[in-house]
Amino acid sequence: MSVVDRAAAAAGVPTGFYTLVKREILRYVRRPKNTFIPPFITNVLYFSVFGVVLGSRVGEIIGVPYILFILPGLVVLGAVSNAFENASFSIFHGRWNEYIDETLTSPLSYTQMVWAYLLSSALRGVLVGTLIGVLGFFIIGGLYQPVPVEQPIYLVAFLLVITMLFSSLGIVGGLLAEDFDDLTMMNQFLLRPLVFFGAVFYSLEDLTPLLQDISLLNPMVYMVNGVRYGFLGVSEVDPQLSLGLLTGGTAVVAVLNVWLFKRGYGLTD
């Protein structure tokens, strides 16, 4: 028994719940070439093209170098994409190959099942987001200036909330998907447009008043500005309001996940 196993047993974590969480975490930890290397390479390209090449022309936004301005958005992009992809793929793959039946017939409660998928997927999002943040520390710190972390508590809080939110949405996506193409479409045509129109690469001040108001309907705006507040101490949206809205949304979707599991939606023929 490993140290983690003994710690979980000592803490009174239910064995079935811990086993499901462990299985889901090991599934992506054991495949780093699929989990961690792609976002590493992608974000090196983002930093190179948007930060270094275009950043020298853009100059500063809200008083910081452009490459530093986009760092929080790239962290959000990596974190939520991986949290969503992990949860949606895990649920759909289990349905597709019918091994999710073993989970459904286990003595776990529906709440424990949902939270096992949520926590394992959120952890992947946090790990990838942290990887991108560390990458930014080295690239930006080496080329421009040290990367600040002005509000570490807010940074951690937002990173946890947004990964939990998109893990929850990923479970819904995994239950709705009819084939693997549906998962790709959800990511490419729903998730990424929200991110790219979520003030990752531009400031809300650059938009017309009408577009600013429309942008506030995009939850990514609150996520990106929340993480940006954690790093830089500045935000174009009230960070407390953002954190409250995102926490409430996460709770609603998590409850929806449990209800869908209880109904057997997408899980039973």
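Pro152 has its place in helix 9, which covers residues 152–176, and in this predicted model the residue is partly exposed, with a relative accessible area of 46%. The C-alpha atom of Pro152 is separated by 7.3 Å from that of Phe231, although the two residues are 79 apart along the chain. The points below take up helix 12, then helix 6, then the aromatic rings, and finally the salt bridges.

**Helix 12 and its two ends**

- Helix 12 runs over residues 219–232, and its 14 residues should span 20 Å at 1.5 Å a residue, which agrees with the 20 Å found between its end C-alpha atoms.
- Of the 14 residues of helix 12, 13 are buried, so this helix is largely enclosed by the rest of the structure.
- At the start of helix 12, Asn218 contributes a side-chain oxygen that reaches to within 2.9 Å of the backbone nitrogen of Met220.
- Just after helix 12 comes Gly233, which takes a positive phi of about 80 degrees.

**Helix 6: span, kink and cover**

- Helix 6 comprises the 31 residues from 66 to 96, for which a rise of 1.5 Å a residue gives an expected span of 45 Å, and the 44 Å between its end C-alpha atoms agrees with that expectation.
- Within helix 6 there is a kink of about 30 degrees, and this kink is centred on Pro72.
- Helix 6 is mostly covered, since 27 of its 31 residues are buried.
- Ser88 has its place in helix 6 and is buried, with a relative accessible area of 3%; a polar atom of the Ser88 side chain lies 2.8 Å from the backbone oxygen of Phe84.
- Helix 6 is followed by Glu98, a residue whose phi is positive, near 65 degrees.

**Aromatic rings**

- A pair of aromatic rings is described by the distance of the centres and the angle of the planes.
- The count of aromatic pairs in the model comes to six.
- One of the pairs is formed by Tyr66 and Phe69, and it is stacked, with 6.4 Å from centre to centre and 20 degrees between the planes.
- Tyr66 and Phe69 both lie in helix 6, where they are three residues apart, or about one turn of the helix.
- An α-helix has 3.6 residues a turn, so residues three or four places apart point the same way.
- Both partners of this stacked pair are buried, Tyr66 at 7% relative accessibility and Phe69 with a relative accessible area of 0%.
- Tyr117 and Phe261 form another aromatic pair, which is tilted, at 6.4 Å centre to centre and with 45 degrees between the planes.
- The pair of Tyr117 and Phe261 links distant parts of the chain, as Tyr117 belongs to helix 8 (residues 110–143) and Phe261 to helix 13 (residues 239–263), with their positions 144 residues apart in the numbering.
- Tyr117 is buried, with a relative accessible area of 1%, and Phe261 likewise counts as buried at 1% relative accessibility.
- Tyr154, Phe158 and Tyr229 are joined into a cluster by ring pairs.
- Phe69 also has a charged neighbour, because Arg228 lies over the face of its ring, at 3.8 Å from the ring centre.

**Salt bridges around Glu24**

- The structure holds two salt bridges, and a network of such bridges links Arg23, Glu24 and Arg27.
- In the bridge between Glu24 and Arg23, the closest N and O atoms are 2.9 Å apart.
- In the bridge between Glu24 and Arg27, the closest N and O atoms are 3.6 Å apart, which still falls within the 4 Å cut-off that defines a salt bridge here.
- Glu24 and Arg27 are three residues apart in helix 2, which spans residues 15–29, so about one helical turn separates them.
- The members of the network differ in accessibility: Glu24 counts as buried at 2% relative accessibility, whereas Arg23 is partly exposed, with a relative accessible area of 33%, and Arg27 is partly exposed, with a relative accessible area of 24%.

Technical notes
Residues are numbered from 1 along each chain as its sequence is written. This is a predicted model: local features need pLDDT of at least 70, side-chain atom pairs count only at pLDDT 80 or more; totals for chains, interfaces and linings use all residues. Side-chain values use heavy atoms; hydrogens and water are left out. A salt bridge is a side-chain nitrogen of Lys or Arg within 4 Å of a carboxyl oxygen of Asp or Glu. Buried means under 20% relative accessible area, exposed over 50%, partly exposed in between (1.4 Å probe, protein chains only). Helices (H or I, at least four residues) and strands (E, at least two) are DSSP runs, numbered from the N terminus. The expected span of a helix is 1.5 Å times one less than its number of residues. A polar contact is a pair of N or O atoms within 3.5 Å; within protein, one must be able to donate a hydrogen and the other to accept it, and residues adjacent in sequence count only if both atoms are side-chain atoms. The bend at a residue is the angle between axes fitted to the seven residues ending there and the seven starting there. Rings of Phe, Tyr and Trp (its six-membered ring) pair if their centres lie within 6.5 Å; planes under 30 degrees apart count as stacked, over 60 as edge-to-face and the rest as tilted. A charge sits over a ring if NZ of Lys or CZ of Arg is within 6 Å of the ring centre and within 35 degrees of the ring normal.
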